[in-house]
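Here's an informal walk through this model, with an eye on charged side chains and where they sit. Have the coordinates open while you read.

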Amino acid sequence: MNLHGFCSKHKLVENIMVRGCAAGWGRGKAPRHQPPGRRGLGQCWLCCCWVPAAPRSHPACALQALLEKEPMDSLRTEFWQIAMETVALLSNTVPTALHGKRESLLNVCCKSVFFLPPESDMPETERALYAKTMDALDTMLEGFVLSCPITSFNTEMQNMLKVMLDFAGSKNSTVRERAVRRIERLITFIRWYLVTKILENFEIYSEDEPKDFNLCIPILGKLLGHLLLFSSGDDSMGHAALKSLFHMYTVITEGRECRLREDMEKYAKRHQNLEDTTFPFSITSTPCEIAKGFEGHLFPAERLDIILTALEALQDSSIHDKQGAFSVLDAALEDAGYWLTDVPTIMECIRKNLGSIHTASAWQCLDSLLLQLTNVMPRSEVKNLLQFSPPRGRSWP
């Protein structure tokens, strides 16, 4: 269905668009000769072809304003479903209409469904609407990714993944599960984007588009760290995290296959002779084994973020399972030269979290990590390490 037809079908959408045009959005004016009753839809169609003159009159702003006023404790109507379908359609038909608004729209749309009661607690009639609304959210995510210009791909994906990761860190287990499952869908769309728009279609790009795309999303290491920790669980969230890691492995290896740094290439050679030439890990792999599978494909900052995320998960109040954190850190213990390259930052993270770590198993893991760090740090830094003051009742080995 085209944008005009969609607006005709849903009065809510027409109202959103007409509000934008009534406020003077755009560089032109709607034709005065339009017949009565058609001018609203005509304005709706025209406003999507114009360039916004003022932020307040932007249809995306009008849509967001309506969304923020809608109750988020239940799904009483199709409002959220239609709103997300509207955003998705705008992404696919007039991508510039949402320029600079994707992140804020994604945030408010996720809030609308992530904080709903568990699906098992919903009335039967609401469950069907919930399923359709989640499908609409997936469609919106797909539209955001596939309509993204190559020149701003890394920035846009950074913003979107950050929104999702914030929800994945919630203390609410239902919110976490929904966020992780949407991350899995988002990474699937990113993978599809790389395959269809970058790796296979360079020859059809216009002259002003880059020919040497490099996948470099700053939040990638932190995202991988959390997915590795979530993957240790034997539940639907753990399975979604594991699927995300499979997709992310493909995204990283395909998006960087021609941009390997020297230190990455060195470790990539380890996996060339594995029986499974597609993935160096399986559905039964531990977080340690999965992390090792990414060796050779990660930038130093990404490895560091994975280690820091695992260290933060050792805190007593962490939402993550401690065994998952131990497993990720085991990868660092087995290959300190690859994972433990930024010793000062790692030491600062340990120092920062010491007061929140009290379990014996977590301390044992830290002891092993600190011993390994002493093998890769200069003598001067070892002396600084000796100045650490462990919590009362504890002593370094």
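K162 and D166 sit four residues apart in helix α8, so about one helical turn separates them. An α-helix has 3.6 residues a turn, so residues three or four places apart point the same way. In this predicted model, the two side chains do meet: K162 and D166 form a salt bridge at 3.3 Å, N to O. As for cover, K162 is partly exposed, with 37% relative accessibility.

How many salt bridges are there in total? The count comes to seven. Here are three of them, with the closest N to O distance for each.

| Salt bridge | N to O distance |
|---|---|
| K162 and D166 | 3.3 Å |
| E156 and R102 | 3.7 Å |
| R185 and D138 | 4.0 Å |

Take E156 and R102, whose closest N and O atoms are 3.7 Å apart. E156 belongs to helix α8 (residues 153-168) and R102 to helix α6 (residues 102-114), so this pair ties together parts that lie 54 residues apart in sequence. Are E156 and R102 buried or exposed? Both are buried.

The bridge between R185 and D138 comes in at 4.0 Å. That pair also links distant parts of the chain, with R185 in helix α9 and D138 in helix α7 (residues 124-146), 47 residues apart. The two ends have their own levels of cover: R185 is partly exposed at 26% relative accessible area, while D138 is buried at 12%. There's a bit of sharing here too, as salt bridges with common partners join D138, R182 and R185 into one network.

Now for a charged residue without a bridge. R176 is found in helix α9 (residues 173-199). What does R176 have for a salt bridge partner? None: R176 is buried with no salt bridge, and the nearest side chain of opposite charge, D235, is 7.6 Å away. The cut-off for a salt bridge is 4 Å, so a gap like that doesn't count. If you want to see what surrounds R176, skip its neighbours within four places in sequence and look at its contacts with F167, A168, S170, K171, F230, M237 and I319.

Cysteines next. The structure holds zero disulfides. Why does C109 not form one? Its sulfur is 7.1 Å from the closest cysteine sulfur, the one in C110, which is too far for a bond. C109 is also buried, at 0% relative accessibility, and C365 counts as buried as well, at 9%.

For a look at a single helix, try α14 (residues 300-312). Its 13 residues reach 18 Å from first C-alpha to last, close to the 18 Å expected at 1.5 Å a residue. Buried residues in α14 include E302, R303, L304, I306 and I307, and further along L308, T309, A310 and L311 are buried too.

Finally, the whole chain. The protein chain has 19 helices and zero strands. Of its 397 residues, 52% count as buried. Among contacts with a separation of 6 or more, 76% come from residues 24 or more positions apart. The accessible surface comes to about 18900 Å², and carbon and sulfur atoms make up 51% of that.

Note on methods
Residues are numbered from 1 along each chain as its sequence is written. This is a predicted model: local features need pLDDT of at least 70, side-chain atom pairs count only at pLDDT 80 or more; totals for chains, interfaces and linings use all residues. Side-chain values use heavy atoms; hydrogens and water are left out. Helices (H or I, at least four residues) and strands (E, at least two) are DSSP runs, numbered from the N terminus. Buried means under 20% relative accessible area, exposed over 50%, partly exposed in between (1.4 Å probe, protein chains only). Lys and Arg count as positive and Asp and Glu as negative; His and the chain ends are not counted. Contact means heavy atoms within 4.5 Å. Accessible areas come from the Shrake-Rupley method with a 1.4 Å probe; for residues, only the protein chains shown count as cover. The expected span of a helix is 1.5 Å times one less than its number of residues. A disulfide is a pair of cysteine sulfur atoms within 2.5 Å.
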